[in-house]
Amino acid sequence: MFDTSIKLALTLSQIGAVMGVVLLTVAVLTLLERKVLSWMQDRMGPMEVGPYGVLQPVADGLKLFFKEDIIPAGANKIMFSLAPILVLVPALIGFAVIPFGPNWTIDVMGVEFKPFVISDINIGVLYILAFASIGAYGVILGGWASNSKYSLLGGLRSAAQLISYELNVGLAIVGVLLLAGSLSLVEITEAQAGGFWNWFAFDPVPFPQFIAFVIFLIASVAETNRLPFDLPEAESELVAGFFTEYSGMRFAFFFMAEYANMILVSCMSTVLFFGGWHAPLPFLQAPGMFAWVTGIFWFTAKVYFFLFLFFWIRATLPRLRYDQLMRFGWKVLLPIALGNIVVTSVLAYIFPN
Amino acid sequence: MATFVFLYFAAVIVMAASLVVLVRNPIYSALSLLVMFFHVAGLYVTLHAEFLAAIQIIVYAGAILVLYLFVVMLLNVKREEQFNRQGPVALFLGVVLLTEAVLLTVSRGFTVGAPEPGREGAAVGNTESIGEVLYSTYLFPFEIASLILLVAMIGAVILSKKGIMESK
C-alpha cells in the first residue's frame, strides 16, 4: 500500500509538471506566433502589454476568462459544452508517453520511477494516434451542436480532412517503426543514439526516412488544422468554421487544443525522426550525471524548431481549396507514403542492422 | 480488483450498447457507440492486449464512427423519418441469441469474473506475438482478408468512376 501511494504521488507530480510546462508553452506560443508572423511581415507585433509585449498572453487569458459565455439559441447544450472538452483532453493526454529526457530509472524509497517519461508503454505510437483520432469528435460535435451553418460546414470539412490525413500520418510512421522494431517511443529514441547520422530522418542505412518525415509534417499540419490546411476554420469562407459560435473559455479550449496539438506533433517529429533527446554530435552530450541537462536542452531545441517551422509555413503558404486538399492527400501523399514503406522494408531486409 | 474493473467495463458496455439502439437521436446513438468502443478497449487493456485496444480505438472510434457521424449530419435525419421497421426480425434474433447465451451459461456453471489474459501477451510484447502468429499460423486467412479488401477497393473505384467500364 505504501509503495502504491508513493508511486501515485510521484506519477501525479510528474503529470502536474508536464501539464504545467505544456500549458506554459501554449501561452508562450500564442505570443511567439504573433511575433514571428510580425517579423516575417516586417511589423512589430504586440508591443503594448508589458515590456516588448511579453505579457500579452496574460492579458489574453484574463480577457477570455471574463468574457460572457454565450450558448446560441437552438444549440444542443450538452454537446455544445462537451465538444471543447473532447478537443482539449485528447490533445493533452498524448504527452503521457513522450520521453523528453534520458531513459533513466531511479529508485525512490523502493519504487522504480522513470523521471523523464510519464509512462513508457509498449504501444506509445499507437496510443498517440488513437487519441489524436478522438480529437475529431470534438470538432464535428462542436460544429453540429452550434446550430449554425458555418459551424456545421466547418465540422464536416474537418471530419473529412482528419480522416484523410490521419492515414498519411500513420503510414509515414511505419517506416520508422520498421527500422526501430518497436512501438515504444523510448525504444525508438534509444535506437537513434550517437549523432545526427543515426537519426531516422538521415540514417543512410538501410534507408533515410526523410521523405516519410516530410509526409508526416504535411499531414500533421493538416491534422492540427493549421494554415495552409485550415479549411475547417477558413475565415474568408466560414467566418471561423466549427467554433464560430463559441466564446469565452469554451473558445479558449479550442484555441489551447490547437496549440497543444502543435506541441504534441512537434514532440512526435522530434522523437520519431530526429533522435529525441540525443545531441546532434556525440561531444555535445554531457557525460554521466548531467546527461539529462543536455537531453532536455536538445529535446526542447528541436521541438521549438518544429514549432517555428509551423509558423514559417503559416506565413508562407496560401490556403488550399477543398478539392485540392482531398486530391493532394489521397493521390499524392498516400502513394508516396506507401512507396516509402515498400522501399524501406525491402532495404531493411537486404541490409539488416 | 480485477473482478471489479471487469464488472464496471461489462456493465457500461451493456448499457451503452443498449442505448445505441434505444436512443431516438442518431447523434446520441453514435456517441453511446463511442463510449462502448472505449470500454471494450479498456477491457482489452485489462487482458494485456494493449495492441488490440489501440487498434480498436484507431479503427472503430477514430475512423468508422467518424464516418457514421459525418453521414448522419449530412442526412440530418428528422425524428419521424427513422427506419425502425425491423422490429419483428430483431425480436426473433434477440430471442434466439438470448436463449443461446442462457443455455451456454447454465451448461458451464454461472460465474462472474474477468476472463484469463492470454498466455503469450504478458511475456513478449503482444504486438510481436500478433505479428508472428498472423504471418505464420494464420497466413492463409490473412491473405484471403487482403484479397477481399482488394476486391472491395476495386469495387469502390468502379462504382465511383462511372463510365470506366464502357469502351470508347
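Helix α11 of chain A, residues 322-350, is a good place to start: at 1.5 Å a residue its 29 residues should span 42 Å, and the end C-alpha atoms sit 41 Å apart, which agrees. The expected span here is 1.5 Å times one less than the number of residues, and helices (H or I, at least four residues) and strands (E, at least two) are DSSP runs numbered from the N terminus. This is a predicted model, in which local features need pLDDT of at least 70 and side-chain atom pairs count only at pLDDT 80 or more, while totals for chains, interfaces and linings use all residues. Residues are numbered from 1 along each chain as its sequence is written, and chains are lettered from A and ligands numbered from 1 in the order in which they are written.

There is a bend in α11(A) of about 35 degrees at F328(A), the bend being the angle between axes fitted to the seven residues ending at a residue and the seven starting there. Buried positions in α11(A) are L325(A), G329(A), L333(A), A337(A), N340(A) and T344(A). A residue counts as buried if 20 or more other C-beta atoms lie within 10 Å of its own, as exposed if 12 or fewer do, and as partly exposed in between, with C-beta atoms placed from the backbone. The buried residues of α11(A) pack against α5 and α7 (210-223) of chain A; contact between two residues requires their C-beta atoms, placed from the backbone, to lie within 7 Å.

Helix α7(A) has a second partner in α9(A): their axes come within 11 Å and cross at roughly 170 degrees. That makes the two helices α7(A) and α9(A) roughly antiparallel. Axes are lines fitted to C-alpha atoms, for helices over the stretch in contact, and angles run from 0 to 180 degrees between N-to-C directions. Angles under 35 degrees count as roughly parallel, over 145 as roughly antiparallel, 65 to 115 as roughly perpendicular and the rest as oblique. On the α7(A) side F213(A), F216(A), L217(A) and S220(A) take part, meeting V265(A), S269(A) and F273(A) of α9(A). Sorted by class, this contact of α7(A) with α9(A) has five nonpolar, two polar and no charged residues. Ala, Val, Leu, Ile, Met, Phe, Trp, Tyr, Cys and Pro count as nonpolar, Asp, Glu, Lys and Arg as charged, and the others, Gly among them, as polar.

Helix α9(A), residues 248-273, also packs on α1(A), residues 2-40, at an angle of about 105 degrees and with the axes 9 Å apart. The pair α1(A) and α9(A) is therefore roughly perpendicular. From α1(A) come V22(A), T25(A), V26(A), L29(A) and T30(A), and from α9(A) come M256(A), Y259(A), A260(A) and I263(A). Seven nonpolar, two polar and no charged residues make up this contact of α1(A) with α9(A).

In the loop between α1 and α2 (56-66) of chain A sits D42(A), a residue other than glycine whose phi is positive, near 60 degrees. D42(A) counts as exposed because it has 6 C-beta neighbours inside 10 Å. L62(A), found in helix α2 of chain A, is exposed too, with 10 C-beta neighbours inside 10 Å.

Turning to chain B, there are seven helices and zero strands. Of its 168 residues, 18% count as buried. Residues 24 or more positions apart account for 57% of the chain B contacts that have a separation of 6 or more.

Helix α2(B), residues 26-46, has 21 residues and reaches 31 Å from first C-alpha to last, close to the 30 Å expected at 1.5 Å a residue. Its buried residues include L31(B), L34(B), F37(B), F38(B), H39(B) and Y44(B). The buried residues of α2(B) pack against α1 (2-22) and α3 (50-75) of chain B, together with α4 of chain A. Just after α2(B), H48(B) takes a positive phi of about 60 degrees. Further along, S146(B) lies in helix α7(B), residues 139-160, and is exposed, with 10 other C-beta atoms within 10 Å.

As for the two chains together, their contact takes 19 residues from chain A and 18 residues from chain B. On the chain A side, the elements giving two or more residues are α4 (124-145) and α5 (149-180). Helix α4(A) gives the most, with 10 residues. That side of chain A has 16 nonpolar, two polar and one charged residues.
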